[in-house]
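Colleague: I am new to reading protein models, and I would like to learn how the words people use are justified. Could we go through one together?

Modeller: Gladly, let us bring it up and start.

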Amino acid sequence: MSFRSQLLKGIMDGCVLAVIEKEAVYGYELSKKLQDIGLSDVSEGTIYPVLLRLQKNGLIRGEMKPSESGPNRKYYYLTDAGKEALETIALEWEQVFLPVHSLFQRRINNESKATD
């Protein structure tokens, strides 16, 4: 498994919760939204196990709704526990992201100074 895949696996719950927080979505739509923001390696096969786990843990709920084109679709909604979990994930991500990003920015800035 690539390093990128490992990072993505670690933060996927938060990404899924963040998309669902904005609007109810069904599985395929969710994978497309994640791909559209740049997570191109997120497929439906990746999404459905995450959705199942989040639903089992009470962070999201699914509701079948009629589709304009084809069979009914299961739309996912955040629960109150899901909103709390998303808040926790976002805070923890920030505590990791900011220092790591700072380290890598210094590295990049030092490399560009060395080539000047």
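Colleague: What makes T79 count as buried or exposed?

Modeller: Keep in mind that this is a predicted model. The relative accessible area of T79 is 18%, and the word buried is used under 20%. Since 18% falls under that cut-off, T79 is called buried.

Colleague: Where does T79 lie, and which residues does T79 contact?

Modeller: T79 sits in the loop between β3 and α4, the helix that covers 80-115. Leaving aside neighbours within four places in sequence, T79 is in contact with G58, L59, I60 and R61.

Colleague: How do you know whether Y76 is buried or exposed?

Modeller: The same kind of test works here. Y76 has a relative accessible area of 7%, and the limit for buried is under 20%, so Y76 is buried. Y76 belongs to strand β3.

Colleague: What does Y76 touch?

Modeller: Not counting residues up to four places away in sequence, Y76 touches I20, A24, V25, Y26, G27, L51, Q55, I60, R61 and G62. As for M64, its C-alpha is 8.9 Å from that of Y76, and the two are 12 residues apart in sequence.

Colleague: Why is S67 called buried, given that S67 lies in a loop?

Modeller: The word rests on the area. S67 has a relative accessible area of 16%, and buried means under 20%, so S67 is buried. The loop that holds S67 runs between β2 (60-65) and β3 (73-78).

Colleague: What makes the link between S67 and R73 a polar contact?

Modeller: Their side chains are joined at 3.5 Å, and a polar contact needs a suitable pair of N or O atoms within 3.5 Å. The pair therefore qualifies. A polar atom of the S67 side chain also lies 3.1 Å from the backbone nitrogen of S69. Not counting residues up to four places away in sequence, S67 touches N72 and R73.

Colleague: Is G70, in the loop between β2 and β3, buried or exposed?

Modeller: G70 has 55% relative accessibility, and exposed means over 50%, so G70 counts as exposed. G70 and K32 are 38 residues apart in sequence, with 18 Å between their C-alpha atoms.

Colleague: Why is E23 called partly exposed?

Modeller: Its relative accessible area is 37%. Buried is under 20% and exposed is over 50%, so a value in between makes E23 partly exposed. E23 is in the loop between α1 (3-22) and β1 (25-26).

Colleague: What does the side chain of E23 contact?

Modeller: The side chain of E23 makes a polar contact of 2.9 Å with the side chain of K33. E23 and L78 are 55 residues apart in sequence, while 9.0 Å separates their C-alpha atoms.

Colleague: Now the whole protein. How many helices and strands are there, and in what order do the elements run?

Modeller: There are four helices and three strands. From the N terminus on, the order is α-β-α-α-β-β-α.

Colleague: What makes you say that the protein is more spread out than a compact globule?

Modeller: The radius of gyration is 17 Å, and the globule rule gives 13 Å for 116 residues. The value is well over the rule, so the protein is more spread out than a compact globule. Along its principal axes, the C-alpha trace spans about 60 × 30 × 25 Å.

Colleague: How much of the protein is buried, and how much area does the protein expose?

Modeller: Buried residues make up 27% of the 116 residues. The protein exposes about 8,100 Å², and carbon and sulfur atoms supply 55% of it.

Definitions and conventions:
Residues numbered from 1 in each chain as written. Predicted model: local features only at pLDDT ≥ 70, side-chain atom pairs only at ≥ 80, totals over all residues. Heavy atoms only, no water. Helix = DSSP H or I, 4+ residues; strand = E, 2+ residues; numbered from the N terminus. Rg over C-alpha atoms; globule rule 2.2 N^0.38 Å. Buried < 20%, exposed > 50% of the residue type's maximum accessible area, 1.4 Å probe, protein only. Areas by Shrake-Rupley, 256 points an atom, 1.4 Å probe, with all protein chains shown as cover. Polar contact = N/O pair within 3.5 Å; in protein donor to acceptor, adjacent residues only side chain to side chain. Contact = heavy atoms within 4.5 Å.
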